[in-house]
Amino acid sequence: MREALELLEDVVSGSDGFVEARYHAKSSRAIGVEKGTIERSQYRTRSGVGIRVLERGAWGFASTGNLDASAIRAAIESARAAAIAGSAHKKERVDTLPAARLARGTFDLPGVDEVLGRSLEEKIAMASRFEEAVRNAGNAISSASCGYSEIYEEKAIVTTDGAAAAFRLVRPELRLQAVAEKDGQLSSGFESVGATGGWECLFRGGTGESFAEKAAKTATDLLTAKHPEGGRATVILAPSIVGLLVHEAIGHTVEADFVQAGSVAAGRIGKRVASDLVTLCDSGSSQFYDGAGGTIPVDDEGVVAQNTTIIRNGILESYLHNRESAAKYGVAPTGSARAWEYSDQPLIRMRNTYLVPGVASLEEIIAGTKDGYLLDGPRNGQADATGEFMFGVQEARRIRDGKLCELVRGVTLSGIAFDVMQTVDAISNEFKWDLGSGYCGKGQPAKVDAGGPYIRCQAVLGGEQ
Amino acid sequence: MESTQSETITDLCQRLVDAAIASGADQAEAIAGYQHTVETRLENSDVHTVQTTDETMFGLRVFAGGSLGFITSNRTDPNTIKDCVAEAIGQAAAIPADPLNDLPDHQELVSIDGLFDDATAAVTVDQTTEYAAQLVEQVRSRDERIRIDSGGVSATTWIGALASSKGMQAVESGTSADGHLFGMAVDGDEVASFDYDGDSAHDFETMKSVVGDAVERFADKCLSGLGAQSGRSFKGSVVLSPDVVEEFILGNLVGTLAADAVRKGRSPLAGKLGQKIAVDGLTLIDDGTRAGGMRSSSFDREGVPIRRHVLIENGVLQTYLYNHYEARAAGNGTTSTGHAGGGASSLPSISPVQLELAAGDVAQDSLFDGDEPIVHVGRFSGSTNSITGDFSGVVKNSFLIENGERRPIKETLMAGNLFTLLESITAISRERRLLGGAELLPTIRAEGVSITAG
């Protein structure tokens, strides 16, 4: 890593104007086991240098997979030529970048040696064991699968205005699926975990066998579940759904590039957007406990990743910024510029997005709910510029008179995020990162995490088929 | 330049195969792709970043002792190749043998016309930037309330090659040009739903023509979201636009046609070959051989020739989709249908190539006839359980048609079951739209769908 950092410092030091050079080596391993067969073992490695140049008020980008100094210098000139081409048509020029807390030094995250040190044979045996646990979890299980994957990254980031940082990190992930069948009716259960760090981080929420058992139980129980009635309902959202909600439906609307385009969060800094119980943050580090899946020590502009309070006690306080948007808004960058691979340019992205816990216990919240649902396990989710969201939910359990009742299936949850957050009337004292196996898409993927406590609010359930 | 690069890529594949066999692999297959792209990206209704990228990626699949190993990399120097071969062989040593592991034999390929354009291969960042700026102006002149969040114009030259120890040798090259926009309308405090549109062609000039039309559709979609009100709840008719037919119906249906999903008990269409699974008028074709098609190709991920297949004919399921592994697993003389999907970065999966739905027999406008309420769905933001077919989600860029009035709606959910919906289609339009230069799809009307107003 020191070698890569020194190479970039050497190449960039002779450059005119603003140049940002990012060495990024990424390797990923994936193992797939299904119905007792190892169906997939693959290893992917991709490395190179991405260059951004700010010239005549416009950005140019070029990349090279060749790590020779001459190839990197050629990429700088390609990026400069591209910036000049862009400047001929760019209306709003980027004159200067704001001062930022630029990182210098090495910032390795824990777990790298531990995860990479486990042999391929051990990882295959682990995935096979968990798949077998799903398969043997009951007579109704007709199909089982386990996917293990890990991403290992090395980065070095150097800018002409002072950043010179390098780090290594590793992100292991585990996915388990069970399919149950009875009388021609199929249902599925899915469990996944992902972390930035070692095995302790990955398995903090349970063993692989316990995830296998839960996936199988969900699939089996859903076989006989009915669909819910559709319409507006009182819902208690588990940390996994809270995480998806704050990421998809709020987090994207406060990314400053989306704000500039006119998202629903535009012009609402200082205004109430949620109930006063709600405090929402997005952090480059893993708050409360180690291992959140979107953890980065330094962003891809070389800025130290901050913990940004987006909403404080219901009032919108900050957007998420890169250096360019921070200059436009006259604030400090939040360390939110991220690129998926060396050939990608950094975009404003979330990292670990979370709702701050409250004081009630989950039991108290359920007991205080006369008629509603407890929702856990997101299947997928989308949200809109308006903050309107739609999430598929794996497990929805009916609540009547303060007691958990039957499971229902095929549930979707929707609403307008800021409206829903205004209805939050209870927040539990638990905290869980629960989106660590998630990937966010915005032209390029990003590893993110999200979570929080249980919350109670009002939203719309998709219902009877 | 292109022929030299093709030779380089082909030579790389053969070197990888030879190195793997020399290291103890029983069989080896290498696939490589080279790509040169010039691109101008838009952000906040302005030119943002201009970029150029060049890269070669390769994938090496080996079978050693009957076991699989696979690696992919963008480094092609001798030391990296040596390490990659060792990694792939090492993986195979760690995995139990699978008797189904095998590479397909060499087959004759038929080249596809219209994939490469010399002028597009020579497109510069000045050209992509000039046209990207024109798109911004086209949108602005249409209506200043439309905001482009992001978008771009690009031109790509690509070469794909494959070689195997069973004599497979294949190479193909092409160009593609693309323009797309993502954004929404903002009118005072009102923010409408985001939407997107775009199009592609093998040559830059044709792309400009089709993207010009896509920009008008983008503007229409963005503006239609202004003034949207909540819909109303009922169980009844929906009219699905070609975009929804592509993303929602075909996007979920094709996974259940894949032979691996059938074999693993994940497809509700298992055991239904020759049976009726949809209404009479529904005929689904996969044709990756069409000249100039954006997904047309002479060979699949394993080098097997791509052909035209009728997947569903008048509602009757005709075939599943097979790659070489799944064909061997199916037995009874089953052969690959040329549906091995993926590229240099992945093991062969199973996917369709270029789908089309046969045209129906009614005019598109007549799909909206009748006295009962209808929801015209322009986009579906929802979740479909691929195993059960249950779907539920929010309709976007959508309208409620009732009592002769057509009004935009929001916060409205649509729910049902995909396989039930295939049997409740009541009309398919004569008119079809070519999406992304690849898929040719009509507008469809179906009944019995649950609509819930929020």
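The paragraphs below lead through a predicted model, from the contact between its chains A and B to selected helices, strands and loops.

The meeting of the two chains is a suitable place to begin. On the side of chain B, 66 residues are in contact with 69 residues of chain A. Strand S2 of chain B, residues 46-64, gives the most to this side of chain B, with nine residues. By class, the residues on the side of chain B that touches chain A divide into 20 nonpolar, 31 polar and 15 charged. S2(B) also pairs with a strand of the other chain: strand S3 of chain A, residues 58-64, runs parallel to S2(B), and four bridges join the two. Within S2(B), B:Thr52 is the residue that stands opposite A:Ala62.

The loop between strand S1 (27-43) and S2 of chain B holds B:Ser45. This residue is buried, because 25 other C-beta atoms lie within 10 Å, and 20 or more are required for that description. The backbone at B:Ser45 has a phi near 55 degrees, a positive value in a residue other than glycine. Most residues other than glycine have a negative phi.

Chain A offers a second example in A:Asn313, a residue other than glycine with a positive phi, near 50 degrees. A:Asn313 is found in the loop between strand S10 (307-312) and strand S11 (315-316) of chain A. With 14 other C-beta atoms within 10 Å, A:Asn313 is partly exposed.

The helices of chain A come next. Helix H2 of chain A comprises 19 residues, 69-87, and at 1.5 Å a residue it should span 27 Å; its end C-alpha atoms are 27 Å apart, so the expected span and the model agree. Several residues of H2(A) are buried, among them A:Ile72, A:Ala75, A:Ile76, A:Arg80 and A:Ser87.

Two packed helices are described by the angle between their axes and the distance between the axes. Helix H4 (residues 120-135) and helix H6 (residues 208-222), both of chain A, pack at an angle of about 35 degrees, and their axes are 8 Å apart. The crossing in which H4(A) passes H6(A) is right-handed. From H4(A), the residues A:Met126, A:Arg129, A:Phe130, A:Ala133 and A:Val134 take part, and they meet residues of H6(A) including A:Gly208, A:Glu209, A:Ala212 and A:Ala216. The contact of H4(A) with H6(A) has seven nonpolar, one polar and three charged residues.

In chain B, strand S20 (residues 405-410) pairs with two other strands. Strand S19 (residues 398-402) of chain B runs antiparallel to S20(B), with five bridges joining them. B:Ser398 has B:Ile409 of S20(B) opposite. S19(B) and S20(B) form a hairpin with two residues between them, and B:Asn403 in the turn has a positive phi of about 50 degrees. By contrast with this antiparallel pairing, strand S8 (residues 229-230) of chain B runs parallel to S20(B), and two bridges join the two. There, B:Lys410 in S20(B) is the bridge partner of B:Ser230.

A single residue of chain B closes the account. B:His180 lies in strand S5 (residues 169-187) of chain B. Because it has 21 C-beta neighbours inside 10 Å, B:His180 counts as buried. Leaving aside neighbours within four places in sequence, B:His180 is in contact with B:Gly151, B:Gly152, B:Tyr196, B:Asp197 and B:Gly198. B:Gln107 lies 73 residues from B:His180 in sequence, and the two are 37 Å apart in space, C-alpha to C-alpha.

Notes: Residues numbered from 1 in each chain as written. Chains lettered and ligands numbered in written order. Predicted model: local features only at pLDDT ≥ 70, side-chain atom pairs only at ≥ 80, totals over all residues. Axes fitted to C-alpha atoms, helices over the stretch in contact; angles between N-to-C directions. Left-handed = near helix turned anticlockwise from the far one by under 90°. Contact = placed C-beta atoms within 7 Å. Nonpolar A, V, L, I, M, F, W, Y, C, P; charged D, E, K, R; others polar. Pairing = 2+ DSSP bridges. Buried ≥ 20, exposed ≤ 12 C-beta atoms within 10 Å, placed from the backbone. Expected span 1.5 Å × (residues − 1).
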